[in-house]
Amino acid sequence: MLNRRRIVSTASSVLCMMLTLSLLSASVLRAQAQTAEPNKATLVVRTGQPGAVINKNIYGHFAEHLGRLIYEGLWVGENSSIPNTRGLRNDVVGALKELHIPVLRWPGGCFADEYHWRDGIGPRDKRPKRPNASWGGIDTNAFGTHEFMDLCDLLGADAYITGNVGSGTPQEMMEWIEYMTSDSDSTLAQLRRQNGREKPWKIPYFAVGNETWGCGGEMRPEYYADEYRRYATFIKNFSGNHIQKLAVGSHDDYYQWTEVLMSQAARYMNGLSLHYYTLPTNNWSKKGSATQFDEKEWHSTLVRTLRMEEFIQKHSAIMDKYDAKKRVGLMVDEWGTWYDREPGRDMGALFQQNTLRDAVVAGINLNIFNNHAERVQMANIAQMVNVLQAMILTDKEKMVLTPTYYVFKMFKVHQGATLIPVELNAPEYKLDQAAVPSVNASASRDQEGKLHLSIVNLDPNRAADITTTIDGSSVKNVSGEVLTASAMNAMNTFERPDAIKPTSFSGFKLQGSQLTLSIPAKSVVVLELR
Ligand code: AHR
């Protein structure tokens, strides 16, 4: 993606006028929100027609050696004054544990195709320092395989490792897997033991490169399909470990890539990835601000987010031609918002603030993934801490939880539950010439029989009154949480860390089998129905 897709005022009175105008328009917006008639929608939840199990890995995350994600965001070192466990900061790990993260992708991203695993093992003071050629700065390699696996253990997450194709070899990849997973007395297994890890680790997911159509090697799909087959041959299962092999997939609407990979290599893979980022403007050289946006940019962000539905449908249709039984998973292993660099921040660090708009984007995407549970077997938001659409932002010893963090916390009830189809009829939310559905939803039933319903109201001005029918079950109890705020760009900062967080949801009426929901404008709601 990197290569192809990125490429004093005159008078204080003018400033004053602008300020007055923007305050005016903000209050007009708030007034509108209070007085505008709610949208009327209907929702039927078909509990008698359960679908596929929602793979818990749809709630996966991604941590790349980029900006302040690994170093500072997760790793501070054992001697840091920031409280830590074996070098991993306690506050961040503690907060992440609450999300029940099922799977964590590492070490990149573009970085994966320049990463040589031997740099990151052994005594830390002996590890080489290397330039991070993708994102700038020097990587001390203090965080390597052992530190990553320790993080996975602390989080209770499965490891998803991306191997180096762009500047590596099949041998290097094969030996990394042996080092991590072999219980034999081979030299590499012994080396792991010398480095402090007696038992082999389980590595359930391993990818053959990243974005090999771009930063991973600028390959043509035909060339990569052959490379994939070659490298995948050397991904071996040692000592009872069983690896799911993942191939680099397409981005956005690059359907030709999916066509070639599926026709040439499907039988050698367990999953094929898809990358799609939401840019408010769809323009890589001027993406839009993370925090300073008007309703037009709120709307265009949601228009672009909803393209995920189209991409999944079309890539899945191609996959169906070659894999009707849906054995190969579509792994959306990079998704999220991507905004312009904030003034004063490092070019390569990809740090961005996170607002209510990001929460709405996250809710929409997670609902889309749930609804495609048959084919989508994994998704990894980019990225975990301090980079792009992050869960957590840090500033040295300080930490703040983002609105996106709370969406993942609210939605975790869907992990491993069975998809329940929903039929939603909602008016459009229109602006200028474009329109999106004003409401987006998904539902599931967990193993204890509880129904979970997640609803996003995309319209920043109108509540949604939803007449809801729970078809096939009787509901006696409703409870839930809502995430919303009065401003579209509400955010948590180090000064006001609790400005936006979920509260208990009371906007429902249950009369017999009739459930009426009043979902506030610009909000994310998750309900439990029993
Ligand atoms: O997430 C940031 C970058 O976006 C990743 O390194 C790369 O895979 C994609 O281009």
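Student: What makes helix H5 count as mostly covered?

Tutor: In this predicted model, ten of the twelve residues of H5 are buried. A residue is called buried when its relative accessible area is under 20%. Among the residues of H5 that meet this cut-off are Met-173, Trp-176, Ile-177 and Tyr-179. The charged residues Glu-172, Glu-175 and Glu-178 are also on the buried list.

Student: Which elements do the buried residues of H5 pack against?

Tutor: They pack against three helices and three strands, namely H4 (145-155), H6 (187-194) and H7 (221-233), together with S5 (103-106), S8 (158-163) and S9 (205-208). Contact here requires heavy atoms within 4.5 Å.

Student: Why is the span of H5 called close to the expected one?

Tutor: The helix covers residues 170-181 and reaches 16 Å from its first C-alpha to its last. The expected span is 1.5 Å times one less than the number of residues, and for H5 this expectation is 16 Å.

Student: What makes the approach of Tyr-277 to the ligand a polar contact?

Tutor: A side-chain N or O atom of Tyr-277 is 2.7 Å from a ligand oxygen atom. The limit for such a pair is 3.5 Å, so the pair qualifies. Asn-210 at 3.0 Å and Gln-383 at 2.9 Å also place polar side-chain atoms within that limit of a ligand oxygen.

Student: How much of the ligand surface does the protein bury?

Tutor: The ligand alone exposes 280 Å², and the protein buries 100% of that.

Student: Which residues come nearest to the ligand?

Tutor: Of the 15 residues around the ligand, these are Glu-64, Cys-110, Glu-211, Tyr-277 and Glu-334. By class, the shell comprises eight nonpolar, three polar and four charged residues.

Key:
Residues numbered from 1 in each chain as written. Predicted model: local features only at pLDDT ≥ 70, side-chain atom pairs only at ≥ 80, totals over all residues. Heavy atoms only, no water. Near = heavy atom within 4 Å. Polar contact = N/O pair within 3.5 Å; in protein donor to acceptor, adjacent residues only side chain to side chain. Areas by Shrake-Rupley, 256 points an atom, 1.4 Å probe, with all protein chains shown as cover. Helix = DSSP H or I, 4+ residues; strand = E, 2+ residues; numbered from the N terminus. Buried < 20%, exposed > 50% of the residue type's maximum accessible area, 1.4 Å probe, protein only.
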